[in-house]
Amino acid sequence: MNFAPGYKAGPLGESSTVDSLEKQLICPICLEMFTKPVVILPCQHNLCRKCANDIFQSRGSTSISTGGRFRCPSCRHEVVLDRHGVFGLQRNLLVENIIDIYKQEESSRSQHHRLMCEEHEEEKINIYCLSCEKPTCSMCKVFGQHRDCEVAPLQNIYERQKTELSDGIAILVAENDRIQALLSQMEELCRTLQENGHRQKQNVCDKFDGLFAILEERKNQLVGMISHEQDDKLSYVRSLMRRHGDHLEGAVKLVETAIQSMEEPQMAVFLQVRTASNMERPEPGYESMAHFDINTEDVAYILRSIDFNTGRASRET
């Protein structure tokens, strides 16, 4: 309610200490002063037990026998309940005693602390001018500046505006509950996404490991074939070398004999020496292994372009 300038408080003004104390006694759910019994949460924040039960019931945890959980509205700390539900939470007797003392002081103070009309200093503010939208006194309505205005009892306007504020708070609390439920769904969605992503990564790694194993097996086969042919060719060439070496050794001895017999016409010696040119030898290009060359460009292109059936539909699932 807006107390406009022009009105002054009584002789006992509110102190900053009292205001600070009152703020500490406000429930974060109903935004009113704590209603007994007051319960203290494990995080050391306080709630009206009725408000705590409202939060508990709104989460769908209606089974008292199995306990449940809800989050503290002040710090979002998760409160785990036993089978007694919110009735198993410890009462904060200190806060309840402070509330009692505060209400007693407030009641005593309210007897002396009433807003007084500035124009009629002996008159208390007891009506509300609907036309000017500000509180005033009865004398102002009868004789003063509000005599032509529409007025209503101050208590009625106070109760109506308080009800409107309470309804607004209820709407905000309900909206907060819906947002909290949505956040919980999003948290669960994040966990599911992380699990699905990890599972798919492992699946892709396993599939590619299988492909690598196939390529490794095929590589070993080709390397083995090359090694086998290499060994066969080396064995054949080395056998020829031994044979030609043996023949060369014989030919040298034959040349020595032929030189010693140069004076005699030994035609057979010359014929035997010439037969060396007709000995077996590998074919031209026998040392080449080019027929084992492999072309991986086409396979590499296919591997780079293949999508492994990962289309838009599969990403959305």
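A salt bridge is a side-chain nitrogen of Lys or Arg within 4 Å of a carboxyl oxygen of Asp or Glu. Keep that cut-off in mind as you look through these close-ups, which all come from a predicted model.

**View 1. Arg91 and Glu96 are joined by a salt bridge.** The closest N and O atoms of this pair are 2.7 Å apart, and because the limit is 4 Å, the contact counts as a salt bridge. Are the two partners buried or exposed? Glu96 has a relative accessibility of 5%, so Glu96 counts as buried. Arg91, at 39%, counts as partly exposed. If you would like to look for others, a search of the whole structure finds 8 salt bridges.

**View 2. Glu216 and Lys219 meet through their side chains in helix 5.** Here the N to O distance of the salt bridge is 3.0 Å. Helix 5 covers residues 154–260, and the two partners sit 3 residues apart in this helix, so about one helical turn separates them. Glu216 is partly exposed, with a relative accessible area of 38%. Lys219 is partly exposed too, with a value of 43%.

**View 3. Lys233 and Glu229 form another salt bridge, with both residues in helix 5.** The closest N and O atoms lie 3.4 Å apart. How many residues separate Lys233 and Glu229 along helix 5? They are 4 residues apart, about one turn of the helix. Now check how well each partner is covered. Lys233 has a relative accessible area of 17% and is buried, whereas Glu229, at 22%, counts as partly exposed. The two labels differ because buried means under 20% relative accessible area.

**View 4. A nonpolar patch of about 970 Å² lies on the surface.** Which helices each supply at least two residues of the nonpolar patch? They are helix 5 and helix 7, the latter spanning residues 297–305. Helix 5 gives the largest share, with 6 residues. Members of the patch include Val204, Phe208, Phe212, Tyr301 and Ile302. Ile306 and Phe308 are also among the residues that make the patch.

**View 5. Leu211 is one of the residues that make the nonpolar patch.** Zooming in, you can find Leu211 in helix 5. Its relative accessibility is 36%, so Leu211 counts as partly exposed. Patch residues need over 30% relative accessible area, and Leu211 has 36%. Other patch members to look for include Ile214 and Leu215.

Key. Residues numbered from 1 in each chain as written. Predicted model: local features only at pLDDT ≥ 70, side-chain atom pairs only at ≥ 80, totals over all residues. Heavy atoms only, no water. Buried < 20%, exposed > 50% of the residue type's maximum accessible area, 1.4 Å probe, protein only. Patch = residues over 30% accessible without salt bridge, like charges linked within 9 Å, V, L, I, M, F, W, Y side chains within 5 Å. Areas by Shrake-Rupley, 256 points an atom, 1.4 Å probe, with all protein chains shown as cover.
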